[in-house]
Each structure stands twice: as C-alpha cells, then as structure tokens.
Amino acid sequence: MSQEHAGRSLPRTDIMQLFSTKTRPLNVCAPMVRYSKLPFRELVRRYNCDIVYTPMILADVFASSNYARECEFSTNILDDPVVIQFAASNGLDLANAAELAAPFVSGIDINCGCPQKWAINEKIGSHLMSDPETVRDMVRQVKARVDVPCSIKIRIHRDLRETEEFVKRALSVGVDFITVHGRTRRQKSTEPVSLEGMKLVKEVSTVPVLANGDVFTMQDANDIVDATGVDGTMSARGILENPALFAGHTVTPWECIEDYIDLALSYGTNAFIFHHHLMYMFEKTMSNAERRTFNSLTTIPAILDYLEEYYGLDISRRRVEKAEQKLKRDTNK
C-alpha cells in the first residue's frame, strides 16, 4: 500500500463514534471502480462528505500481491475516515486482505452488491445476496482478525422477507453497520429505488444503516432519510457528476473543478481517469458542441490548454491563493 506516512499505521477516525455522535444524517461517497481514488476522495471531503470509500478491490489479489496493494490502495493522513471495500468469495481471502489494510483504514466493507455478470460468475458481489451463510462467515472471520469495524453493502431481494433474514444473519455475527442499495441485482439504474426495502433494513437492524441509490441532490438525500429513517445516505453517480453535492450545490461549481484538477495533478492521475472525472463534472454545464470538443481530447496537456483558453483555468494562481489563505488561517490561530 502506498502512503505518505512514515509509520506502520495511520491515525484514523472511529466511524462508530461518528455514527453515535452525529447531529445530522451522514454524507457518504460510494465505492466506484476506477473513480474513488485518493485525489477524488480528498476532493469530496472538502465538500461536506463525512465518510469516503475506496473502489471495490479483489481481496484475494490484494492479499497475495504487493504490486496489487501498491496499485489499488494509496492513502495518507488526510484520507480519513476511509473505508476499504473488498470483494471476496470466502472468509479466508477476505480476512487476509482485511488484516493487511486495517492499520490504514477506518473500516472494512464487504461488497455484496456488484451486479456485473463477471462478478456473479466469480461468486462475489451480488452473488452473495443468495449466500447469506458465506457472508456470515466473512464477517465472523474479519472481526476475529482485525479491530476496525466490518460492514456489508447489500442490495434488496424481490421478496423482502429474504432481505430481512439476510440482515438478521449478518447482525448475529456482529456486523457493525450496513449500507443498503435499494434495488435488486437485476434492476436497472433507471428504475426507482425501493424506499420500502431500505426502510425495512433500518427497522430490523440494531446497527447504523446507510441508504444508497438515487442520491443526486441534497434534497434527494433528505427525502430518503425522511422516508426510511436511515442514518445517512451514500451517493455514487450523483457525486461523480457533482462532487459538491453534499455541500448543497445542484451542479459542480467551478471552484470544485479547479480543486480536482489541482489534486489530480499533484497526486499524479492518468489521463483516462482525469479526463473522465472532468467529463462527468461538466456534463450539466457544457453545451453539446462544447462536450463534443472536450470529450475528444486525449491528453492532460490538451485538456489543460482547453480549460485555460475557454474557462480561464490558472492552477498556479490558485495554488498561490490557497497558500496565502492557509498562512492567514495559521497566523490567526
């Protein structure tokens, strides 16, 4: 694991204390393959995001390969609280991976929701929604090996009685909190989430519950909390399009875009991810003609040149302003 801290572990926020002392529903950034990397995690924290997840990581590969650990999970002291999400088909692989990651995270999450066909074929992700005993064993083994919270991210079943039984089995072995995506594994993202299903999970749970799905604005988040009683909401597509969602912005503000560019350049982000993040952020503000031109760009210099010419991007000026603001804050302490 790549990290900027010299010690063998990092100080991390106690997520369970965060739940117990919250004065409002928590705002959470979902695990997103390719996109929940360190620069984006730091970005959303600047915009009122309380907990941030890593992308889904294959537990067996993470546990067996130092190269994979270096590539899949980089962190630092600012990356807090962070939950690492693993996909696994058995408790041993998961526990081995969890033990390696535990000193650097605030929580270990088990992916029981990925609906992609390849994941189901590998008996990971949403395949686990039909195998509650394996999930029970995963939670049990992780909790026996590490002292950070262990959570599960699930989907609902068509028959909500199955969801209730699934949740109760996980609770019986001490799962610490639960995230429920309000769709079945076969439903498309264009179908509305089941508020009934998410409410049921909250009602039968003795631990905190987060709701995931259809959170594109703060109003969406508030409406879901009001309807289900959950302890917070998690956003994926919404926060990808608008990383300032939880700060109340309805579209991505220019300042947020500048922040992302600065962070991505500072940490070193490949051109594909850099470009795609910006494509999502500009989705609602660029005209169709602008998007066609911008989406055709293939290199970071070309992207920066375009934004400098048409949007007045000036990263050097921004860095000076940020440094001056920090100096002023430090002086006033």
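**View 1. D259 and R318, a buried pair in a predicted model.** Both D259 and R318 are buried in this predicted model. The two form a salt bridge, with the closest N and O atoms 2.3 Å apart. D259 sits in helix α12 and R318 in helix α16, so this contact ties together parts that are 59 residues apart in sequence.

**View 2. R318 also meets E258.** Here R318 shares a salt bridge with the side chain of E258, at 3.2 Å from N to O. Again the contact links distant parts of the chain: R318 belongs to helix α16 (residues 315-332), E258 to helix α12 (residues 254-267), and 60 residues separate them. R318 counts as buried because its relative accessibility is 6%, under the 20% cut-off. E258 comes in at 5% relative accessibility, so it counts as buried too.

**View 3. The salt-bridge network that includes R318.** Pull back a little and you'll find E258, D259 and R318 linked in a network of salt bridges with E42, R46, E255 and R317.

**View 4. R24 and D50, a bridge from loop to loop.** R24 pairs up with D50 in a salt bridge whose closest N and O atoms are 2.9 Å apart. R24 is in the loop between α1 (15-21) and β2 (26-29), while D50 is in the loop between α2 (38-45) and β3 (51-58); the pair links distant parts of the chain, 26 residues apart. The partners differ in exposure: R24 is partly exposed, with a relative accessible area of 32%, whereas D50 is buried at 16%. For the wider tally, the structure holds 21 salt bridges.

Conventions. Residues numbered from 1 in each chain as written. Predicted model: local features only at pLDDT ≥ 70, side-chain atom pairs only at ≥ 80, totals over all residues. Heavy atoms only, no water. Salt bridge = Lys/Arg side-chain N within 4 Å of Asp/Glu carboxyl O. Helix = DSSP H or I, 4+ residues; strand = E, 2+ residues; numbered from the N terminus. Buried < 20%, exposed > 50% of the residue type's maximum accessible area, 1.4 Å probe, protein only.
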